[in-house]
Amino acid sequence: MTGTGGFFVLLSIVVAAGAVWKAKKMKQEVDLFANQVEETIKQILSGEKLKETEEVTEDSLWGKCGERFWQLYQGWNQKETDALREKKRMKTLISDISHQTKTPLANMKLYQEFLQEEELSEKGREFLNRLGEQTDKLDFLMQSMVKMSRLENGIIQIKKEKRSFYQTLTTAVSQIVPAAAQKEIELYVECDEDLMLEHDRKWTEEAIFNVLDNAVKYTESSGRIRVKATRQEIFTKISVQDNGKGILPERQAEIFTRFYREPEVHGQTGVGIGLYLTRKILELQNGYIEVRSDIGKGAEFCMFLPNQ
């Protein structure tokens, strides 16, 4: 009995030792697998060239997954290559369209200037003025379409720099002053002159101008527009508030879509992509835009750009 008992004790020790060894080996394999997965994901995300897995034991954890990671990398890399090729093709197409339309439009404007110096009948003068309006509208449409296409296809690169936001805001406002003065609309601007913000100056000016342009168009003569920039905890808020006709609640989400124009204002100039461009520009800077409005009480457009 003693010998048998000793044998079973020894057997138990051997089994326990085997279990410990297996557990230790499993832990080592799991740790190795986790390190290999982490390193591979880092390489893929950083854009490093991934080497094909070599000398992999099929029974190991990495052996079952390594080949899948290689296939994932190849697929990802191919999609990026295709996207880059398509982006270059689109850039060329947009440049061609822009170039091909510039010359005819410039010629049309030149001919109009020549005709302005000629003696025309009252009716002829009226037609010439209408032709000028339509030419300007076509020019504006083409420029807007080019901007929209570049933004949507990622051709335009946003270059954010920490700089004076006061300067950006006042430049955008100065561009709308003539249109506001023509309608005798009062403009009020409030912004700390020391306000610094990391942003793309050129495209942020474009975004703010589009909102201001919209406010001037839909505010009656002798109206009022208030512009205010406020630094908050996470975002800087740029508010453009008018006392115009206001926007119906059910339409407030639609106004930021491409080519949307409210049914009642088709007599106004524009093609309906200004607010859409503003939304895209802000999103490319990790910002956003929202609107608050009551019919007959005007509207407030609030643009938000991150402080960091």
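**Exercise 1. Is Glu-184 buried or exposed in this predicted model, and where does Glu-184 lie?**

Step 1. Take the accessibility. Glu-184 has 56% relative accessibility. Exposed means over 50%, so Glu-184 counts as exposed.

Step 2. Place the residue. Glu-184 sits in the loop between H4 and strand E2 (186–190).

Step 3. Check the backbone. Glu-184 is not a glycine, yet its phi is positive, about 55°.

**Exercise 2. Where does Ser-222 lie, and what is the sign of its phi?**

Step 1. Ser-222 belongs to the loop between H5 and E4.

Step 2. The phi of Ser-222 is positive, about 65°, although Ser-222 is not a glycine.

Step 3. Ser-222 has a relative accessible area of 52%, so it is exposed.

**Exercise 3. Locate Gln-157 and state how far its C-alpha atom is from that of Asp-200.**

Step 1. Gln-157 is in the loop that runs between helix H3 (122–152) and strand E1 (161–164).

Step 2. Its relative accessible area is 52%, so Gln-157 is exposed.

Step 3. Gln-157 and Asp-200 are 43 residues apart along the chain. Their C-alpha atoms are separated by 9.6 Å.

**Exercise 4. How many helices and strands does the protein chain have, and in what order do they run?**

Step 1. Count the elements. There are six helices and seven strands.

Step 2. Read from the N terminus. The order is α-α-α-β-α-β-β-α-β-β-α-β-β.

Step 3. Add the contacts. Take those between residues at least 6 apart in sequence: 70% of them join residues at least 24 apart.

Step 4. Add the burial. The chain has 308 residues, and 33% of them count as buried.

**Exercise 5. Describe the largest nonpolar core and the elements that supply it.**

Step 1. Recall the background. In soluble globular proteins, nonpolar side chains tend to be buried together.

Step 2. Give the size. The largest nonpolar core holds 31 residues. Phe-165, Leu-169, Leu-212, Ile-225, Val-240, Phe-301 and Met-303 have the most contacts inside it.

Step 3. Name the suppliers. At least two residues of this core come from each of helix H4 (165–182), helix H5 (201–217), strand E4 (224–231), E5, helix H6 (274–283), strand E6 (288–293) and strand E7 (299–306).

Step 4. Rank them. H4 gives the most to this core, six residues.

Step 5. Look for another core. One of eight residues lies apart from the largest core; Trp-203, Ala-207, Ile-273 and Tyr-276 are among its members.

Step 6. Zoom in on Leu-212. Beyond its neighbours within four places in sequence, Leu-212 is in contact with Ala-172, Val-173, Ile-176, Ile-225, Val-227 and Val-240.

**Exercise 6. At what angles does H5 meet H4 and H6, and what is the hand of each crossing?**

Step 1. Start with H4. H4 and H5 pack at about 35°, and their axes are 9 Å apart. This crossing of H4 and H5 is right-handed.

Step 2. Name some residues in that contact. H4 contributes Phe-165, Leu-169 and Ala-172, among others, and H5 contributes residues including Ile-208, Phe-209 and Leu-212.

Step 3. Turn to H6. The axes of H5 and H6 come within 9 Å and cross at roughly 145°. The H5 and H6 crossing is left-handed.

Step 4. Name residues here too. Trp-203, Glu-206 and Ala-207 are among those of H5 that meet residues of H6, including Leu-275, Leu-277 and Ile-281.

**Exercise 7. Is Glu-206 buried or exposed, and what does Glu-206 contact?**

Step 1. Glu-206 is found in helix H5.

Step 2. Its relative accessible area is 18%. Buried means under 20%, so Glu-206 is buried.

Step 3. Leave aside neighbours within four places in sequence. Glu-206 is then in contact with Lys-147, Leu-277 and Ile-281.

Step 4. Thr-171 is 35 residues from Glu-206 along the chain, and their C-alpha atoms are 10.0 Å apart.

**Exercise 8. Which side chain makes a polar contact with that of Thr-236?**

Step 1. Thr-236 is part of strand E5 (residues 235–242).

Step 2. Thr-236 counts as buried because its relative accessibility is 0%.

Step 3. The partner is the side chain of Asn-307, at 2.7 Å.

Step 4. Excluding residues up to four places away in sequence, Thr-236 also touches others, including Leu-195, Arg-231 and Met-303.

**Exercise 9. Are Cys-191 and Cys-302 buried or exposed, and how many disulfides are there?**

Step 1. Cys-191 has 15% relative accessibility, so it counts as buried.

Step 2. Cys-302 is buried, at a relative accessible area of 0%.

Step 3. With sulfur atoms required to be within 2.5 Å, the disulfide count is zero.

Notes
Residues are numbered from 1 along each chain as its sequence is written. This is a predicted model: local features need pLDDT of at least 70, side-chain atom pairs count only at pLDDT 80 or more; totals for chains, interfaces and linings use all residues. Side-chain values use heavy atoms; hydrogens and water are left out. Helices (H or I, at least four residues) and strands (E, at least two) are DSSP runs, numbered from the N terminus. Buried means under 20% relative accessible area, exposed over 50%, partly exposed in between (1.4 Å probe, protein chains only). A polar contact is a pair of N or O atoms within 3.5 Å; within protein, one must be able to donate a hydrogen and the other to accept it, and residues adjacent in sequence count only if both atoms are side-chain atoms. Contact means heavy atoms within 4.5 Å. A nonpolar core is a set of buried Ala, Val, Leu, Ile, Met, Phe, Trp, Tyr and Cys residues joined through side-chain atoms within 4.5 Å. Axes are lines fitted to C-alpha atoms, for helices over the stretch in contact, and angles run from 0 to 180 degrees between N-to-C directions. A crossing is left-handed if the near helix is turned anticlockwise from the far one by less than a right angle, and right-handed if clockwise.
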